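Q: Please take a close look at the largest cavity in this structure: which residues line the largest cavity, and how do the helices around that lining pack?

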Amino acid sequence: MLEVQFLYFTKTTKMDILRASDDFMKLCPGCGWRYWILPFLVGVATAQTAISPVPAASAPPVPYASVSQLNLMLSQLEQVAQATQADLTKLRIEKWKTDSNTKRGTQADVESLQRNLQMALPEIIGQLRTSPENISATFKLYRNLDALYDVFGPVVESAGAFGSRDEFQSVQNDLSALERSRRALAERMETLAGAKESELTQLRTQVRDLKAAAIPPEPPKKVVVDDTEPPKKPVKKKVIPKPPKPSTPAATQQPGTTTNPQPSAQPTQPQP
């Protein structure tokens with residue numbers, strides 16, 4: 001059986017909580033906020049007050065097995081608290097064979113335990129009965145039991161060292177019963193924490209699936225290749241005509257001169 005341990009919660013702090021529990025119970029019961037619904041006029045001739053109750057948000061039903069387990073646990077704890085109060089009252093600390101400082105310190109611890117068992121513990125148990133699977137209320141009860149156990153332990157040790165055998169045996173039995181209740185509550189708190197974590201995981205999965213379904217994915221881009229495209233015609237190069245060659249100019253004649261053409265050479269005939 002796994003016990004949840006809280007190392008940061010020191011014994012001094014727990015004793016202060018126990019000793020301050022009676023001051024907390026003396027607070028004004030009307031300190032909580034009160035909300036009033038104002039009446040409004042209906043019609044022109046007549047007026048009437050109408051207070052429409054606001055329906056509370058429907059909480060998920062608590063399993064029957066969980067409620068039964070909690071009720072049995074709380075009933076046993078209430079019996080332990082009643083027996084412890086009776087046994088603390090039977091302690092005769094003033095007759096113990098020890099110094100006055102030890103007696104005063106033990107008596108102060110006993111009074112703090114009695115105030116917690118009479119006022120603070122019943123109120124926390126009532127809150128947990130109202131919300132059986134409330135993690136905060138469950139932890140609050142565990143923390144109170146943890147404080148009771150740490151303060152009750154030294155009282156039992158002092159009773160064994162300086163008190164009678166009957167006093168020691170009675171408070172020792174009460175301390176063992178309180179420890180069993182604390183262990184059982186720690187196991188329940190661990191189970192509830194695991195269940196809540198599973199619910200959160202499922203809710204996250206549902207939210208992710210809903211978001212994915214609400215936003216459709218973008219369609220993939222398609223590239224269409226047209227194989228029937230006609231081949232491109234070759235581009236003909238333009239033929240640039242070459243410029244004509246310039247003709248040679250005739251020889252220019254000077255004025256006053258005649259040009260005698262030379263006679264063509266005649267063939268010489270042979271002499272007979």
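A: On a 1 Å grid over the protein atoms alone, a cavity is a set of points where a 1.4 Å probe fits but cannot get out, and lining residues are those with an atom within 4 Å of a point. The model is predicted, so local features need pLDDT of at least 70 and side-chain atom pairs count only at pLDDT 80 or more, while totals for chains, interfaces and linings use all residues. Residues are numbered from 1 along each chain as its sequence is written, and side-chain values use heavy atoms, with hydrogens and water left out.

The whole structure holds 3 cavities of 30 Å³ or more, and the largest cavity has about 60 Å³ of space (a volume is the space filled by probe spheres set on the grid points, which are joined across faces, edges and corners). Its lining consists of Leu77, Val80, Ala81, Thr84, Leu113, Leu117, Leu121, Leu148, Phe152 and Leu178. Two or more of these residues come from each of helix H3 (64–89), helix H4 (100–130) and helix H5 (135–162), where helices are DSSP runs of H or I with at least four residues, numbered from the N terminus. H3 gives the most, with 4 residues. By class, the lining has 9 nonpolar, 1 polar and no charged residues (Ala, Val, Leu, Ile, Met, Phe, Trp, Tyr, Cys and Pro count as nonpolar, Asp, Glu, Lys and Arg as charged, and the others, Gly among them, as polar).

As for the packing, the axes of H4 and H5 come within 10 Å and cross at roughly 155 degrees, axes being lines fitted to C-alpha atoms over the stretch in contact, with angles running from 0 to 180 degrees between N-to-C directions. H4 and H5 are therefore roughly antiparallel to each other, a term for angles over 145 degrees. In their contact (heavy atoms within 4.5 Å), the H4 residues include Leu113, Leu117 and Leu121, and those of H5 include Leu148 and Phe152; the residues of this contact divide into 15 nonpolar, 7 polar and 2 charged.

H3 in turn packs with helix H6 (residues 165–214), their axes coming within 10 Å and crossing at roughly 155 degrees, so that H3 and H6 are also roughly antiparallel to each other. Among the residues that meet here are Leu77, Val80 and Thr84 in H3 and Leu178 in H6, and by class this contact has 10 nonpolar, 5 polar and 3 charged residues.

Key. On a 1 Å grid over the protein atoms alone, a cavity is a set of points where a 1.4 Å probe fits but cannot get out, and a pocket is an open set with protein on both sides within 12 Å along at least five of seven lines; lining residues have an atom within 4 Å of a point. Angles under 35 degrees count as roughly parallel, over 145 as roughly antiparallel, 65 to 115 as roughly perpendicular and the rest as oblique.
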